[in-house]
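Trainee: Could you take a close look with me at one part of this model, the aromatic side chains? I would like to hear how they pair up and where they sit.

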Amino acid sequence: IRSRAWNTVVACKYAVMLDIVAADFTLFWVDADIALLRNPFDFLPMRTQWEGACEMRTAKVRNTGLFAMRPSPGSLWVLKSTVKHMIVTPDDFDQKVFNRYADRKRLPSFCLSHSLDGYGCSRKHWEKGNWRSAVWALHPTCQLGHEGKKSWLISHGGWLVPENITKRMQEWPQPSPIPSPQ
C-alpha cells in the first residue's frame, strides 16, 4: 500500500499537525478510515502531551492515526523532527519515525487501555463480538489487515489513490450550471 508518493502525502499530514500545535491549539487527529463510536474525550483524560491508541507489543507504540496532542516544546520538537525526517527519508514508516522521536524526547504519553481501544487491534473484543459496548473507535486494518483494508476501501468506493481516483471522480455528480444573470 505504501509508496514514495503516499509517504509524501503522509509528510504533509505531519506538517498540518505541526501548524495546528504551533498555533497553540490542542490537536485531535483522526485518520479518514477510522470510525468513532463514542466521544473520544470521555476516554482521554487530557493530562499529558500525547494521548491515544497504542499498540502494546514489546514497548509502547503510539498509533498516529488516532490521538490528541497538546502544544508544548516537546510536542513541537517531535512533530518538526518527524516532518523533516519524512521529507528527507520518505520511504520510512511514519508511525515508527514519530515514535522514535517521541521516545527520544521522552514525550509524556497516555495510552488507552485495550479494553477500551478497538483501534489498538485488541482481538479479544473482535472474537467475542462484544466490541459494541466496549470500544470507542474502529479501524479496518485491525480487523482486515493491510491488504484487506485496501480491498474493503476499494469495494466501498473509499480508496482514493491515483489508480482509481479518475474513475471515482467521473462517478461524482456534476455540479449544476450556474445560471446566467438576467
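Mentor: Happy to! Let's start with a term: a residue is called buried when its relative accessible area is under 20%, and partly exposed when that area lies between 20% and 50%. Keep in mind that this is a predicted model.

By that cut-off Tyr101 is buried, because its relative accessibility is 12%. Its partner, Trp77, is partly exposed, with a relative accessible area of 30%. The ring centres of Trp77 and Tyr101 lie 5.8 Å apart with their planes at 75°, so this pair is edge-to-face. In the chain the two are 24 residues apart: Trp77 belongs to helix α2 (residues 73-88) and Tyr101 to helix α3. Trp77 has another neighbour to look at, since the charged end of Lys105 sits over its ring, 5.2 Å from the centre.

Now widen the view. Searching the whole structure gives five aromatic pairs. Another of them joins Phe67 and Phe98, whose ring centres are 6.0 Å apart; the planes meet at 40°, so the pair counts as tilted. This one also links distant parts of the chain, with Phe67 in strand β4 (residues 60-69) and Phe98 in helix α3 (residues 94-105), 31 residues apart. Phe67 is buried, at a relative accessible area of 1%, and Phe98 is buried too, at 0%. Both phenylalanines belong to one aromatic cluster, together with Tyr14 and Trp50.

Terms used
Residues are numbered from 1 along each chain as its sequence is written. This is a predicted model: local features need pLDDT of at least 70, side-chain atom pairs count only at pLDDT 80 or more; totals for chains, interfaces and linings use all residues. Side-chain values use heavy atoms; hydrogens and water are left out. Rings of Phe, Tyr and Trp (its six-membered ring) pair if their centres lie within 6.5 Å; planes under 30 degrees apart count as stacked, over 60 as edge-to-face and the rest as tilted. Helices (H or I, at least four residues) and strands (E, at least two) are DSSP runs, numbered from the N terminus. Buried means under 20% relative accessible area, exposed over 50%, partly exposed in between (1.4 Å probe, protein chains only). A charge sits over a ring if NZ of Lys or CZ of Arg is within 6 Å of the ring centre and within 35 degrees of the ring normal.
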